[in-house]
2 protein chains.
Amino acid sequence: MRQGATMSSVRRFVPDADGGYRWDAVDRLRYKEEGSAPFKDITRQVLFEQPDQAAQLRYFEVAPGGYSTLERHQHTHAVLILRGRGTVRIGTDTHAVGERDLVTVDPLVWHQFHAAPDCPLGFLCLVARERDRPQLPGEDERNALGVR
Amino acid sequence: MRQGATMSSVRRFVPDADGGYRWDAVDRLRYKEEGSAPFKDITRQVLFEQPDQAAQLRYFEVAPGGYSTLERHQHTHAVLILRGRGTVRIGTDTHAVGERDLVTVDPLVWHQFHAAPDCPLGFLCLVARERDRPQLPGEDERNALGVR
């Protein structure tokens, strides 16, 4: 007598042949379209996207030395570091981050995640399902932020 | 030049005097009102509740031997085990769960989390901000589920 449990499930977090981690029965996706923005060695999994929830919980895994795009947008980010370590840039500040740290990023604040050179960085990121597209920095903004 | 970073933050997951864990600058709340439903040794933290997100990410920590309420509701649960181990009942099935397992619970499916006797169980739970109140099992339902 399984009470409507057809979709209820337990999925495991397991190592992959390439040393990365993924959940069973969750597709591992490209982070973004190649060439659409600068990034390096990062994958994406959508963990939860329930019909009654206007939110998406995604998992990003950045390989050692990799990074996400430096970007900003109107929607907020709620991030929890799940695996490994690295740094997060928030505006002009850079913070070392490790497992279970919570990171919040407010609207229109520039942000970027880097994995450590010798360690991956895996993080959960909660966003609204309906959200604006990220903006990329122009040369002036890159100079103001002190990034190449 | 902090670009609107007044609320952006990094918060750390740190041990408490009682051996439990909590995040800096996040209140640790009662799980529920005492006496409102059966439960044992469980606390609650609301990690993320952004104005632009119609979702709440909560962290529940169950002490060794403790458990959440056996209940069901229309809203779905999206759960990620963050710390320790235990079991989850989903309908009439019981699954062992450990760190980083994902658990989804569909509408109106009875569910309950137990920490192991010798280990806490900490889990993230994503829900819609607007959601229905949990239902408790009556005696017939408890018998059908095989619980005392």
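Q: In the hairpin of β8(B) and β9(B), which residue takes a positive phi?
A: This is a predicted model. In it, B:Gly91 takes a positive phi near 60°. The hairpin has two residues between its strands.

Q: How do the two strands of that hairpin run, and how many bridges join them?
A: Strand β8 (residues 86–90) and strand β9 (residues 93–97) of chain B run antiparallel. Five bridges join them. One pairing to look for is B:Ile90, whose bridge partner in β9(B) is B:Asp93.

Q: Which strand of chain B is joined to strand β1 of chain A?
A: Strands pair when at least two bridges are found between them. Here, strand β1 (residues 9–11) of chain A is joined to strand β10 (residues 102–105) of chain B by three bridges. These two strands run antiparallel. Within the pair, A:Val10 has B:Val103 as its bridge partner.

Q: What rotation superposes chain A on chain B?
A: To read symmetry, look at the rotation and the shift along its axis. A rotation of 180° does it, with 0.0 Å of shift along the axis and an RMSD of 0.0 Å. The two copies are thus related as by a two-fold rotation axis.

Q: Why can we say that the copies meet through the same surface?
A: Compare the interface residues of the two chains. Of those in chain A, 98% are also interface residues in chain B, so the same surface is used by both copies.

Q: How many residues does each chain bring to the contact, and what area do the chains bury?
A: Chain A brings 56 residues and chain B brings 55. Together they bury about 4600 Å². Carbon and sulfur atoms account for 54% of that area.

Q: How many salt bridges and polar contacts cross between the chains?
A: A salt bridge needs a Lys or Arg side-chain nitrogen within 4 Å of an Asp or Glu carboxyl oxygen. Four are counted between chain A and chain B. One of them joins B:Arg100 to A:Glu99, at 3.4 Å from N to O. Polar contacts link 14 residue pairs across the interface, with both residues at pLDDT 80 or more.

Q: Which element gives the most to chain A's side, and what classes of residue are there?
A: Strand β7 (residues 77–84) of chain A gives the most, with six residues. By class, the side of chain A that touches chain B has 32 nonpolar, 13 polar and eleven charged residues.

Q: How many salt bridges are there over all chains, and what does the pair A:Glu71 and A:Lys32 tie together?
A: The whole structure has 13. A:Glu71 and A:Lys32 meet at 2.5 Å, N to O. A:Glu71 lies in the loop between β6 and β7 of chain A, and A:Lys32 in the loop between β4 and β5, so the pair ties together parts 39 residues apart in sequence.

Key. Residues numbered from 1 in each chain as written. Chains lettered and ligands numbered in written order. Predicted model: local features only at pLDDT ≥ 70, side-chain atom pairs only at ≥ 80, totals over all residues. Heavy atoms only, no water. Least-squares fit on C-alpha atoms with pLDDT ≥ 70 in both. Contact = heavy atoms within 4.5 Å. Buried area = accessible area lost by both parts, 1.4 Å probe. Polar contact = N/O pair within 3.5 Å; in protein donor to acceptor, adjacent residues only side chain to side chain. Helix = DSSP H or I, 4+ residues; strand = E, 2+ residues; numbered from the N terminus. Nonpolar A, V, L, I, M, F, W, Y, C, P; charged D, E, K, R; others polar.
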